[in-house]
Amino acid sequence: MKRLGRAVVMEIFCFLKQGLTPYEKKKYVWKMLYIYMLGYDVDFGHMEAVSLISAPKYPEKQVGYIVTSSLLNENHDFLRLAINTVRNDIIGRNETFQCLALTMVGNIGGREFAESLAADVQKLLISSSCRPLVRKKAALCLLRLYRKNPDVVNIDGWVDRMAQLLDERDIGVLTSSMSLLVALVSNNHEAYWSCLPKCVKVLERLARNQDIPQEYTYYGIPSPWLQVKAMRALQYFPTIEDPNCRRSLFEVLQRILMGTDVVKNVNKNNAAHAVLFEALALVMHLDAEKEMMSQCVALLGKFIAVREPNIRYLGLENMTRMLMVTDVQDSIKRHQAQIITSLKDPDISIRRRALDLLYGMCDISNAKDIVEELLQYLSTADFAMREELSLKAAILAEKFAPDLSWYVDVILQLIDKAGDFVSDDIWFRVVQFVTNNEDLQPYAAAKAREYLDKPAIHETMVKVSAYLLGEFSHLLARRPGCSPKEIFIIIHEKLPTVSTSTIPILLSTYAKILMHTQPPDPELQNQIWTIFNKYESCIDAEIQQRAVEYFALSRKGAAVMDILAEMPKFPERQSALIKKAEVAEVDSADQSAIKLRAQQQTSNALVVTDQHSANGPPPTVPAVGPLTLVKVPSTSGNAEHTSEGQALTQPNGTLTKIDPQTPSEDLLGDLLGPLAIEGPPGAAVQPQQNAVSEVGGVPSAVDGAAIVPVGEYSNSVQPIGNINERFYALCLKDSGVLYEDPYIQIGIKAEWRAQHGHLVLFLGNKNTSPLDSVQALVLPPAHLKMELSLVPETIPPRAQVQCPLEVLNLRPSRDVAVLDFSYKFGANMVNVKLRLPAVLNKFLQPISVSAEEFFPQWRSLSGPPLKLQEVVRGVRPLPLTEMANLFNSFRLMICPGLDPNPNNLVASTTFYSESTRAMLCLIRIETDPADRTQLRMTVASGDPMLTFELKEFMKEQLVSIPTAPHGPTAPPTPPVAQVAQPTSPVKALTDPGAMLAGLL
Amino acid sequence: MIKAVMVINTQGKPRLAKFYDFLTVDKQQELIRSVFGVLCSRAENVSNFMEADSIFGPDSRLVYKHYATLYFVFVFDTCENELAVLDLIQVFVETLDKCFRNVCELDIVFNYSKLHTILDEIVFGGQVLETSSAEIMKAVEEISKLEASSNSITLVPKTVSGWRNR
């Protein structure tokens, strides 16, 4: 280490010392790169390296390029200095210099390089006088530049050139060009339609005619690389329409599929199968005839049984992909035994693939076999896989259970064998099913009782058994060993071993056992009361509260019966588990099988008998009262609301003063609490939003104006995440996700310059099949001029389409533009209306104003309509610093020190629009430290409409009480043509504070 | 796209590490360490593929090949074919073999620059540039000639006698 440190110092000296020979320079540079690789940051000599690029001789230039491309990244400032030199090298006549420059740009070139060099690189690529060595580098260099800035390749001009490039004879240049084509078509396959037949020709040339120079055959196979790339490119085209072309392609594919055998030589094997697997992928993509498909499945079935591990691995992986193809599932099922054997493969990579495949191919017909196989495997599986394994087993058991008792068996076994990996979601779900199905209750309770007899059980098992026995043990009363007392003893034995999170559940169980003991057993009662007494002073608030409440309740005698009665049925919810699995799989993308899962029908067995929730409000939610409110938001991550809710529970805490009705609700909520947590936040909050709109007296028309929910709930496809939250997040930042559902993700990236906005919509297809009939329509409000570039009708599988959207702000207004977006996936037509975050604050530019500038301005804008003042009540209480942060995020610059009163804020900003041009806006907020819910706001600008709109905008952001948008405070200068003004009601509805206010 | 190329010896020391997306030095070291951590736990005669999602993020794949004391590791995304990348490793090693005549770890340590030159002729900015080892050798020799024309850099001979005679 020490020696290395010295070496580094020496390095600096030597490198900076002038007059080194090129050989010495080179030697030091490589040493430097070597220690860089070993993990020592080399942050010196960058400038010297960059300046060496312009050296006239090859050795020095080479050193310069090597260091630059190894140590600098594309955003490095020094790199900019070199653009000109690099360009000179590229357009110069010296081929070796061209190669050096292209290599550097191809490795680290950024946007600026793309803009200044793309044209020259294109010229090199199509030049006939260049050697292939240079041209192939130019092709890949262009690919890099295209990735950095797609605009540098002008589609109209380039398509023909690209097609010509595919006629190239030199395989090196052709391989690079094919990579370039893959990148181009993955973005826009329509434009490059004419390249499709050329790709087929290349394949014919290689695979059929074997027309290729000797040095490009690899173990006797004509350039497997190029074959693979050509087939990859073809997969980006949705289909092949020309029958001749299709026929010749299938001829080639057939030849590849049939002509490949497993041979002795490993390398030859690999190469041949690289081509074969790509051909398989292409066949799947092209939806070949059934005959060819079953041929493919047969081939894959052969592969998963061969000795070669690589082939086994890919066989399983491709079989998983094959599941997406219709009509072949049955032929895949024939290989089930072999796949289950693969679960015991010595290679963990293969075991994982086998697990994925089993998970994907599972349906009602084979669920029992597969899940039992998985459970068996769980005890021997390696640690790294157990979590995934148990999650998958749980999901399959839930989706495809032939009957419910089997489901309960499976989950209890799962908890028993791998309790550490069974998340709370899983046991919550069991409890829900048992509660909702009366037939199941005695069985589940008996099972739970059996597990408690085991000597050492997992804590999760304690939780679920305690809960089930607390609720349903009275159904077992006649069986041996199931008297209340015995059950109490066996559960209480576990208490010393469990953590604090489990104790509340045990306390509830004790209370319920006590209640079910008829006639009362004084001895048991005393035992349980002692326990309650002991926990009355527990440091954990949850335990303490329960102990106190149960103790008080159990002294009430008969009244307890109502309060501690069985839990009401749960409203039917989508399983959080399955939801989570879907989301997780969408993230990790490739697992197409999961998507299949999502579309399939679940087993009928698990349809809950109670159908209350389907029509009308779910019975439990309104009954639950304030306490659920405390629990629910904790999932949506809103700490503020929680604190308010907790304040609410305070008066409820003293039980004696309250009439018998209230605590019962309270308690129910309490018991429901842990279960309510698993509810998907969107679903849980929704009924309350409705409640707010009713209680708050907001006219139902507001719901219509709140554009988003309309789209949101009429579709069968559920969005992922809350659309409103996403919109509000995007109002504050410039890039992020606007909308997401299982099929598509719409991202947005915006740049705002004065009154102009440049947005790019990223439409990403998350599936392996294309999305059709894609339509995007922008409905701009009157004050915005918006131009959306053409949106392609089809989004190819796994592709992302970028649609630029230009925005011009004409006038100040708070109205919001709406994107009407629809697409078709399979038979599903999905239509959503999304608000676009082109809101007022985006056209603001923070500007700092000194006292000398501020006061004359402030005074010159005297009184309405240029200066408006309003006392705003019902403000979300925020500390001053947080309010300042909020203003900053709205691009209002806080000017400290202008107002002598520390409770006041002064902010300034510039607003840009066509009508107002750049307009200075000044804002003063006076807050009352004694009452944070009200403040006085003064807004001043040189334009009356702007002053009004800005004031209203800020009010909306600060106020939390839902007010109708066209409320009593009629605007003095009404905003023009209100297309949609959803901001205030929607904001109010999602705001938890507002919901609470509405409920009160 | 190929995200990274690494050569790690069986002791866990990196002998070559090239990342085609910019990463900080610390991140690079962390990745090398975690890759090695998984590699060294794998038995012989298993597949050449490894789950790399946890190390390199979703949609990453990792293919490696074990030769004597060295692991050759390629990390790439779903746009590449796994077996084809495996072929590429073979091309890389065959080219090294031609260049150094029966390549060993020492050749790679002492001729770090040559190793880089060869890799740059095979993989270019994360894309495959050339797959014919004959063509690669031609390009590398051309560069060596240019380098030699201005100085006397020669390969470090493997034998002691060769060293003396230099």
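Strand β1 (residues 2–9) of chain B runs antiparallel to strand β5 of chain B, and the two pair over seven bridges. Strands here are DSSP runs of type E with at least two residues, helices are runs of type H or I with at least four residues, and both are numbered from the N terminus. Two strands count as paired if DSSP finds at least two bridges between them. One place to look is B:I8, which stands opposite B:Y71 in β5(B).

Before going on, please note that this is a predicted model: local features need pLDDT of at least 70, side-chain atom pairs count only at pLDDT 80 or more, and totals for chains, interfaces and linings use all residues. Residues are numbered from 1 along each chain as its sequence is written, chains are lettered from A and ligands numbered from 1 in the order in which they are written, and side-chain values use heavy atoms, with hydrogens and water left out.

**A strand with two neighbours**

Strand β5(B) also pairs with β4(B), again in the antiparallel sense and over seven bridges. Here B:R61 stands opposite B:F76 in β5(B). β4(B) and β5(B) form a hairpin with two residues between them, and B:A68 in the turn has a positive phi of about 45°.

Is β5(B) enclosed or open? Strand β5 (residues 70–76) of chain B is largely enclosed by the rest of the structure, because seven of its seven residues are buried. Buried means under 20% relative accessible area, exposed means over 50%, and partly exposed lies in between (1.4 Å probe, protein chains only). Both faces of β5(B) are covered: B:L70, B:F72, B:F74 and B:F76 are buried on one side, and B:Y71, B:V73 and B:V75 are buried on the other.

**A strand in chain A**

Now turn to strand β9 (residues 818–825) of chain A. Seven of its eight residues are buried, so β9(A) is largely enclosed by the rest of the structure. Strand β6 (residues 772–779) of chain A pairs with β9(A) in the antiparallel sense over six bridges, and the bridge partner of A:L777 in β9(A) is A:D820. β9(A) also pairs with strand β10 (residues 828–835) of chain A, antiparallel and over eight bridges. A:D820 stands opposite A:K833 in β10(A). β9(A) and β10(A) form a hairpin with two residues between them, where A:G826 in the turn has a positive phi of about 60°.

**Charged pairs**

Side chains of opposite charge can pair when their charged atoms come close. A salt bridge is a side-chain nitrogen of Lys or Arg within 4 Å of a carboxyl oxygen of Asp or Glu. Over all chains, the structure holds 60 salt bridges. Here are some of them:

| Residue 1 | Residue 2 | N to O distance |
|---|---|---|
| A:R205 | A:D211 | 3.7 Å |
| A:E278 | A:R232 | 2.8 Å |
| B:K138 | B:E135 | 3.2 Å |
| B:E147 | A:K26 | 2.9 Å |

The salt bridge of A:E278 with A:R232 links distant parts of the chain: A:E278 is in helix α14 (residues 266–286) of chain A and A:R232 is in helix α12 (residues 224–234) of chain A, 46 residues apart. A:E278 is buried, with a relative accessible area of 2%, and A:R232 is buried at 13%. In the pair of A:R205 and A:D211, A:R205 is buried at 12%, whereas A:D211 is partly exposed at 31%.

B:K138 and B:E135 both lie in helix α6 of chain B, three residues apart, about one turn of the helix. B:E135 counts as buried, at 17% relative accessibility.

**Where the chains meet**

How many residues of chain B are in contact with chain A? 61 residues of chain B are in contact with 69 residues of chain A, contact meaning heavy atoms within 4.5 Å. The area buried between the two chains is about 5,600 Å², and carbon and sulfur atoms give 56% of it. Buried area is the accessible area (1.4 Å probe) that two parts lose on being put together, summed over both. B:E51, B:L83 and B:F124 supply 12% of the area that chain B buries against chain A, more than any other three residues.

Between chain B and chain A there are eight salt bridges. B:E51 is also linked with A:R352, A:R353, A:D356, A:E388 and A:K392 in a network of salt bridges.
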